[in-house]
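Let's take a friendly walk through this model, one helix at a time. Please keep the sequence and the 3D view open beside you as you read.

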Amino acid sequence: MSLGNSLFNARKKRGLSQEEVAGKMGVSRQTISKWELDETLPDIRQSKKLANLYGMTLDELIEFDMDVKEIQEIIDRTNDAVTDKIDWTKAWSKKYPVLAVYQKEVDVQPYGAELNRLLADLEKKYGYSELDAFLVLKDILAGIWKQRRARK
């Protein structure tokens, strides 16, 4: 993401207009616009002042990724009652269509049996709750996925 996009997203996240930021920074609204469009760059002092205005460190501002921060905030605010209502397979199958069809193609019983055995092992061996064992197993699978992708 460009610095301009980071500046734009950070400003929007704080609910400020370009005019408000310009007034606090002692520059014109057009200057703010040019920074956000990557036509010009703020100097280091201006950048630090922007970071303070947006409630961030300079490093955070430079690396600000609105999508990741928004997703994390949504996760933090979402309670179990809400997540239990979501059909995760349906939601994720929009991005990964295999999730909508694999049950008709794959004999899931042997995989399910093996996963249940692994879950029970985690619960017994480490004293994990059912949910914690599931999360650990999910995290192990995610780690394997990352390793496989890194080899390609």
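## Around helix α4

The face of α4 that points away from its buried side carries Arg45 and Asn52, both exposed. Here buried means under 20% relative accessible area, exposed means over 50%, and partly exposed is in between (1.4 Å probe, protein chains only). Helices (H or I, at least four residues) are DSSP runs, numbered from the N terminus.

A word on the source: this is a predicted model, in which local features need pLDDT of at least 70 and side-chain atom pairs count only at pLDDT 80 or more, while totals for chains, interfaces and linings use all residues. Residues are numbered from 1 along each chain as its sequence is written, and side-chain values use heavy atoms, with hydrogens and water left out.

Back to α4, which spans residues 44-53: its buried residues include Ser47, Leu50 and Ala51. They sit on the same side of α4, because they cover an arc of only 100 degrees around the axis; the arc is that of the directions from the helix axis to the C-beta atoms. The cover over the buried residues of α4 includes α1 (3-14), α2, α3 and α5 (58-62).

At the N-terminal end, α4 is capped by Asp43, with a side-chain oxygen 3.0 Å from the backbone nitrogen of Arg45. After α4 comes Gly55, with a positive phi near 70 degrees.

## Helices α2 and α3

How do the axes of α2 (residues 18-25) and α3 (residues 29-36) cross? They come within 8 Å and cross at roughly 110 degrees. The two helices are therefore roughly perpendicular to each other, a label for angles of 65 to 115 degrees. From α2, Gln18, Glu19, Val21, Ala22 and Met25 meet Arg29, Ile32, Ser33, Trp35 and Glu36 of α3. The residues of this contact divide into five nonpolar, two polar and three charged. Contact means heavy atoms within 4.5 Å.

## Three residues to look up

The table sets out where each of three residues lies and how accessible they are.

| Residue | Place | Relative accessible area |
|---|---|---|
| Leu41 | loop between α3 and α4 | 60%, exposed |
| Asp38 | loop between α3 and α4 | 37%, partly exposed |
| Ser93 | helix α8 (residues 88-93) | 14%, buried |

Leu41 and Leu3 are 38 residues apart in sequence, and their C-alpha atoms are 8.2 Å apart in space. Setting aside neighbours within four places in sequence, Leu41 is in contact with Leu3 and Trp35.

Asp38 is a residue other than glycine with a positive phi, near 60 degrees.

What does Ser93 contact, leaving aside its neighbours within four places in sequence? Its partners there are Leu99 and Ala100. A polar atom of the Ser93 side chain also lies 2.9 Å from the backbone oxygen of Lys90.

Conventions
Axes are lines fitted to C-alpha atoms, for helices over the stretch in contact, and angles run from 0 to 180 degrees between N-to-C directions. Angles under 35 degrees count as roughly parallel, over 145 as roughly antiparallel, 65 to 115 as roughly perpendicular and the rest as oblique. Ala, Val, Leu, Ile, Met, Phe, Trp, Tyr, Cys and Pro count as nonpolar, Asp, Glu, Lys and Arg as charged, and the others, Gly among them, as polar. A polar contact is a pair of N or O atoms within 3.5 Å; within protein, one must be able to donate a hydrogen and the other to accept it, and residues adjacent in sequence count only if both atoms are side-chain atoms.
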